[in-house]
Each structure stands twice: as C-alpha cells, then as structure tokens.
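Here is a quick tour of a protein model, written for someone who likes cut-offs spelled out. Have a look at the sequence and the coordinates, then read on.

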Amino acid sequence: QVQVVESGGGLVQPGGSLRLSCAASGNFFRLNDMGWYRQAPGQQREWVASITSAGIANYAESVKGRFTISRDNAKSTVYLQMNSLKPEDTAVYSCKATVQLRIGVRGDYWGQGTHVTVSS
C-alpha cells in the first residue's frame, strides 16, 4: 500500500507565505511525478503545479511566479512554497503521487488534503 500525507496548511494574511509538504511512503518501486491540486469551496479541483522525478516543474498560470514546487527524492517528499498569497488562493490543497508499483504497473495516490486560508 502507498500512503501520501500533506502538511503545512493554515491561516495566513494576504501577501504572506506558507510552505506545504507532501510525503509518500509504502511499497513502491519508484516515485514518478508529484503534483499539487486545490479545491476552493463550491468549485472544482484544479491543478496547481507538478514536478517530474528529474525535477522539471510546471505551474498553472494563476500561481506562476508566486509558487515554487520542489522535491527531495531521498525523502520521497514534494514541497510547495507559496509566496504573495491572495484570498483567492484559499482552498484545500491535495498532493498526488504517481508511483511505479512494479515493472509495467503504475498508480496514482492522493493525500487527504490540507487547508489553506488567506484572510486578514
């Protein structure tokens, strides 16, 4: 089984910063892409950023220049540094880990989510 656990959410004022973490653990052969998604109240989940095992990062236009995704392969952990936060960044942030379970078999695993609230 594979577990994905996020941490680091909370309440922050507009213009502030937060750093989210997401750790994957369990029985898998290799950790491939990892990504962050968010879902605001009453809205559909949207992709925020993702990073490949080689460290190639991509961002949604709404967060480009403010958020930075990074990973520590030795710790099977991905981070999301969020700067210049805006009230519209308020959402539940979830992490998705794509793992290689064994040769020819991959799976996507999600964490339970962490709340981020940007408010004065």
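## Around Met82 and the core

Let's start at Met82: leaving aside neighbours within four places in sequence, it is in contact with Gly16, Ser17, Leu18, Leu20, Arg66, Phe67, Tyr93 and Val116, where contact means heavy atoms within 4.5 Å. One caveat up front: this is a predicted model, so local features need pLDDT of at least 70 and side-chain atom pairs count only at pLDDT 80 or more, while totals for chains, interfaces and linings use all residues. Residues are numbered from 1 along each chain as its sequence is written, and side-chain values use heavy atoms, with hydrogens and water left out.

Met82 also turns up in the largest nonpolar core, which has 30 residues; Met34, Trp36, Leu80, Met82 and Tyr93 have the most contacts inside it. The elements that give two or more residues to this core include strand E3 (18-26), strand E4 (30-39), strand E8 (77-82) and strand E9 (91-102). E9 gives the most, with five residues. A nonpolar core here is a set of buried Ala, Val, Leu, Ile, Met, Phe, Trp, Tyr and Cys residues joined through side-chain atoms within 4.5 Å. Buried means under 20% relative accessible area, exposed means over 50%, and partly exposed is in between (1.4 Å probe, protein chains only).

## The chain as a whole

What does the secondary structure come to? The protein chain has zero helices and eleven strands. Helices (H or I, at least four residues) and strands (E, at least two) are DSSP runs, numbered from the N terminus. The radius of gyration is 14 Å, close to the 14 Å that the globule rule gives for 120 residues, so the protein chain is as compact as a globular protein of that length. That radius is taken over C-alpha atoms, and the rule is 2.2 Å times the number of residues to the power 0.38.

The C-alpha atoms fill a box of roughly 50 × 25 × 25 Å, taken along the principal axes. Buried residues make up 42% of the 120 residues in the protein chain. If you look at contacts with a separation of 6 or more, residues 24 or more positions apart account for 54% of them. The accessible surface comes to about 6500 Å², and 47% of that belongs to carbon and sulfur atoms; the areas come from the Shrake-Rupley method with a 1.4 Å probe, and for residues, only the protein chains shown count as cover.

## The disulfide

How many disulfides are there by the rule used here? The count comes to one, a disulfide being a pair of cysteine sulfur atoms within 2.5 Å. Cys22 is joined to Cys95, with S to S at 2.1 Å. The link is left-handed, with -80° about the S-S bond. Cys22 sits in strand E3 and Cys95 in strand E9, so the pair ties together parts that are 73 residues apart in sequence. Cys22 is buried at 0% relative accessibility, and Cys95 is buried with a relative accessible area of 0% too.

## Some polar residues

Here are a few serines and threonines side by side.

| Residue | Place | Relative accessibility |
|---|---|---|
| Ser21 | strand E3 | 19%, buried |
| Ser76 | loop between E7 and E8 | 16%, buried |
| Thr77 | strand E8 | 8%, buried |
| Ser84 | loop between E8 and E9 | 41%, partly exposed |
| Thr98 | strand E9 | 10%, buried |

The side chain of Thr98 makes a polar contact of 2.7 Å with that of Asp108. Such a contact is a pair of N or O atoms within 3.5 Å; within protein, one must be able to donate a hydrogen and the other to accept it, and residues adjacent in sequence count only if both atoms are side-chain atoms. Not counting residues up to four places away in sequence, Thr98 touches Arg30, Leu31, Asn32, Asp33, Arg106, Gly107 and Asp108.

With its side chain, Thr77 reaches the backbone oxygen of Lys75 at 2.8 Å. Beyond four places in sequence, the residues that Thr77 touches include Cys22 and Met34, which takes us back to the disulfide and the core.

Ser21 and Met82 are 61 residues apart in sequence and 11 Å apart in space, C-alpha to C-alpha. Outside four places in sequence, Ser21 is in contact with Val5, Glu6, Ser7, Trp36, Val78 and Tyr79.

Finally, the backbone angles. Most residues other than glycine have a negative phi. Ser76 has a positive value, near 50°, and the phi of Ser84 is positive as well, at about 50°.
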